[in-house]
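Me: Please take me through the reasoning behind the terms applied to this structure. I should like each term set against its criterion.

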Amino acid sequence: MNLAEQTQSASASPAVPARTASSRVRIQSEPQADPRANGHRSKVAVEAVFEVNDVSVFYGAKKALAGVSLRIPRSRITALIGPSGCGKSTFIRSLNRMNDSVAAFRLEGQVLYHGHDLYASNVDQVEVRRRIGMVFQKPNPFPKSIYDNVAWAPRNLGFRHGLDEQVEKALRGAALWDEVKDRLKDSALGLSGGQQQRLCIARAIAIEPDVLLLDEPASALDPIATASIEDLMHSLKGRFTIVIVTHNMQQAARVADETAFFGLDSSSGEPAGTLIEYADTETIFNRPADPRTRDYVTGRFG
Amino acid sequence: MNVAAFDPAAPLTPSGNLRRRRAFSRLAEYGATVAALFAVAVLAIVIYAVVARGAGALSLDFLFTGTPTGIGPAIAGTALIVAVATALAMPLGVLIALFVTEFAGARVAATSRLTLDLLNGLPSIIIGLFVFGLLVDHHKQSGFAGSVALAIIMLPLIARGSQEVLLLVPGGLREAADALGVSRWRTVLGMILPSALGGILTATVLAVARAAGETAPLILLSSVFDGKQMTLNVGEAMPNIPVSIFQLSEEANPEGFTRAWGASLVLIAFILFASVGARAMHARSRRKMSS
């Protein structure tokens, strides 16, 4: 993967609003431009990073997620949408084993990552997360300098040479370089919320993971910061496989190639979150097969 | 229940039982204030008594020579005994705190906390007896035995205090570090400990202040000394301030009383400075963490 090209394209246009506008145009025209994205694309044609087979998640006796199966394709953006409490965060956190630290967490079914069982007994969580990075809802920069926030994980992984370049590349990748290049030694806590979140993304991509999981990365941000995060996702596309949880349907429609709609399923007694429909974004928003999906994306709930 | 009728147009001065309720409320407030002032007064009176009677004994000779003119060896001895105790208790206490906050499950953590609280409540004379049986019986008194006893006293203070500040480190930081594929121990060393360092030092200084004045264990473990010479050998009984105060105040000689007060002043000044300094440090590190 050629990182230099990506970072150059990310830093080419200077002003955030302008870039946002242009990228929205680009995403709208993409179905025509990209033949694979046109209409009924066969998902088998694209290599899957995750293959999730009939996964259920329990917290103690409570079933949080029931029978989810889906394939997440490589180098694309997959959005998870749906109302609160239907297991989107639980699902995304199961993809890099962040739930392991939750007491009484239990997972049934199978999560394959490049064909390897993610929950096999010989799998090391640290190795999992080194390849599958995550950015959280609330920006959580370390109480260190901007530079050290980005450099800390690579340093711990043993990168010593060219750390400065690595940090610059990550910050350019997160479209933050121009704003912070003159104050890399300042505390990261002095940045605005949107900048902090982009710093968290820079921190996550500094170790060059394979997959980037974003759990509602823009929900704590104002619309301008949200736009810059979305814009950033377009520039990261292709470099990483991205999975994003969002409450914001327009956001999903703007950024995602594939969209999974989660909802509550009460058919087997106690309601639990489940996957209702999964297809390419255009289908989910324009021709959903399930009436519940249609109600949700058109704003009619229940 | 019926609330007494009132005239909404009446002047807004107390009516009904409001006068009585206000009197009660004021009484409670005064009571609480007096109790708080009482605590301040006790401390002030103790400090005043010690300063008034001990200040006369203070001189360079008093601070730097041995008996009978001064307590120099006792000051050095206390410093050394407490330093060795800190060196024993601090790493262990911080590791215990890390175990409880970062690694233990909920139930084990609760048990560990209870254990530390019970250890904290052990009478110091019992700890002294225990160490006496362990290191002094059939052997001889030593400053090191005193250090071990003081370390046992300091351990729960350091562990509990460190634990409190480790819990203040936001969980989001641990999660963020986990998500970066950094192992837990690396996270502890590179992220959690630096964030909590101020609080851990505070807890340690408070424990030092507490241990510096502990007398009972030292009477058993390090009290047979003449106090004439500086000794820095922790294998022997070492002169120290608390036992010196005890022995001087037992003397028939009124000179000894004055020196006992002087030694008390040295000890209390050290403890006050350490405690106040530790609080200031703590306030600073809290501010840093919450900003």
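The exchange below concerns a predicted model and turns to a strand and then to a chain contact.

Me: Why is strand β7 of chain A called largely enclosed by the rest of the structure?

Reply: A residue counts as buried if 20 or more other C-beta atoms lie within 10 Å of its own. Five of the five residues of β7(A), residues 211–215, are buried, so the strand is largely enclosed. Val211(A), Leu213(A) and Asp215(A) point one way and Leu212(A) and Leu214(A) the other way, and all are buried.

Me: What makes β6(A) and β7(A) a pair of strands?

Reply: Pairing requires at least two bridges found by DSSP. Strand β6 (residues 132–135) of chain A is joined to β7(A) by four bridges, in parallel, so the criterion is met. Val135(A) has Leu214(A) as its bridge partner.

Me: How do you know that β7(A) pairs with β8(A), and in which sense?

Reply: With at least two bridges needed, five bridges link β7(A) to strand β8 (residues 241–245) of chain A, in the parallel sense. Leu214(A) stands opposite Ile244(A) of β8(A).

Me: Which elements make the β-α-β unit, and what is its handedness?

Reply: The unit consists of β7(A), helix α9 (residues 223–236) of chain A and β8(A), and it is right-handed.

Me: What makes a residue part of the contact between chains A and B, and how many does each chain give?

Reply: The C-beta atoms of two residues must lie within 7 Å. By that criterion, 21 residues of chain A and 16 residues of chain B take part. On the side of chain B, α7 (171–179) and α8 (184–212) each supply at least two residues, and α7(B) gives the most, with six.

Methods. Residues numbered from 1 in each chain as written. Chains lettered and ligands numbered in written order. Predicted model: local features only at pLDDT ≥ 70, side-chain atom pairs only at ≥ 80, totals over all residues. Buried ≥ 20, exposed ≤ 12 C-beta atoms within 10 Å, placed from the backbone. Right-handed = clockwise from strand over helix to strand, strands pointing away.
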